[in-house]
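Colleague: I usually work at the bench, and I would like to learn how to read a model like this one. Could we go through it together?

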Amino acid sequence: MNAEAGPAWEALRGRGLDELATAMGEEAFAAARARGAALSDAEAIRVVRGEPSRAATASAPGERSPLTKRELQVAGLVAQGLSNRQIAERLVISKRTADSHLEHILAKLGFISRPQIAAWAALADRTDPDA
């Protein structure tokens with residue numbers, strides 16, 4: 001935060017961040033905070049408005065996806081409603097590996113939730129010329 005808000009604001013902000021980190025877990029909180037810090041002002045405004053990020057809009061036919069082949073598989077399984085544990089079982093990988101793939105997908109697409117991934121994957125399937 002660049003502006004001086006005063007000690008009362010800083011104390012309130014600190015408590016809020018501590019509570020959020022506790023609720024999310026330190027690792028997830030740190031990852032989410034890093035993703036947020038990497039956003040441009042325009043991308044941050046899109047997130048607040050609930051608009052898709054530029055990186056997350058469907059690629060035109062023939063354009064490469066920002067995701068790896070495995071991440072595309074994981075995104076497709078998220079779109080089917082599978083949990084990370086179910087995705088791990090389906091792909092014969094550890095749950096932690098599935099968690100990691102999901103974190104990478106969120107970061108690459110500029111998303112903050114599984115429903116956003118599911119919507120993106122469904123749209124990507126419709127625009128994929130090989131589908």
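Colleague: Let me start with one helix. Which residues in H4 are buried?

Modeller: Happy to help, and please keep in mind that this is a predicted model. The buried residues of H4 are Glu71, Val74, Ala75, Leu77 and Val78. They lie on the same side of H4, because the arc they cover around the axis is only 160°.

Colleague: What does the overall fold look like in terms of helices and strands?

Modeller: There are seven helices and zero strands, so to speak a pattern of α-α-α-α-α-α-α when read along the sequence. Of the 131 residues in the protein, 23% are buried. If you take contacts between residues at least 6 apart in sequence, 51% of them join residues at least 24 apart.

Colleague: Now the core. Which residues have the most contacts inside the largest nonpolar core?

Modeller: That core has 18 residues, and those with the most contacts inside it are Ala75, Ile87, Ile105, Ile117 and Trp120. At least two residues of this core come from each of helix H4 (69-79), helix H5 (84-91), helix H6 (95-109) and helix H7 (114-127). H6 gives the largest share, five residues.

Colleague: Could you take one of those residues as an example? What does isoleucine 117 touch?

Modeller: Setting aside residues up to four places away in sequence, isoleucine 117 touches Ala75, Val78, Leu102, Ile105, Leu106 and Phe111.

Colleague: How should I describe two helices that pack together?

Modeller: The general idea is to give the angle between the two axes and the distance between them. Here, the axes of H4 and H6 come within 10 Å and cross at roughly 95°. An angle of 65 to 115 degrees counts as roughly perpendicular, and H4 and H6 are therefore roughly perpendicular to each other.

Colleague: Which residues meet where H4 and H6 pack?

Modeller: From H4 they are Arg70, Glu71, Val74, Ala75 and Val78, and from H6 they are His101, Leu102, His104, Ile105 and Lys108. Sorted by class, this contact has five nonpolar, two polar and three charged residues.

Colleague: Glutamate 71 catches my eye. Is it buried or exposed?

Modeller: Glutamate 71, in helix H4, counts as buried because its relative accessibility is 4%, and the cut-off for buried is under 20%. Not counting residues up to four places away in sequence, glutamate 71 touches Pro66, His101, His104, Ile105 and Lys108.

Colleague: And what about histidine 101: buried or exposed?

Modeller: Histidine 101 lies in helix H6 and is buried, with a relative accessible area of 16%. Leaving aside neighbours within four places in sequence, histidine 101 is in contact with Arg70, Glu71, Val74 and Ile93.

Colleague: Let us turn to the backbone. Which residue has a positive phi although it is not a glycine?

Modeller: That is valine 92, with a phi of about 55°. Valine 92 is found in the loop between H5 and H6 and counts as exposed, at 73% relative accessibility. There is also a glycine to look at: glycine 81, just after H4, takes a positive phi of about 90°.

Colleague: One last spot. Where is serine 83 found?

Modeller: Serine 83 is in the loop between H4 and H5, and at 31% relative accessibility serine 83 counts as partly exposed. Serine 83 and arginine 114 are 31 residues apart along the chain, and their C-alpha atoms are separated by 9.9 Å.

Technical notes. Residues numbered from 1 in each chain as written. Predicted model: local features only at pLDDT ≥ 70, side-chain atom pairs only at ≥ 80, totals over all residues. Heavy atoms only, no water. Core = buried A, V, L, I, M, F, W, Y, C linked by side-chain atoms within 4.5 Å. Buried < 20%, exposed > 50% of the residue type's maximum accessible area, 1.4 Å probe, protein only. Helix = DSSP H or I, 4+ residues; strand = E, 2+ residues; numbered from the N terminus. Contact = heavy atoms within 4.5 Å. Arc of directions from axis to C-beta. Axes fitted to C-alpha atoms, helices over the stretch in contact; angles between N-to-C directions. Parallel < 35°, antiparallel > 145°, perpendicular 65-115°, else oblique. Nonpolar A, V, L, I, M, F, W, Y, C, P; charged D, E, K, R; others polar.
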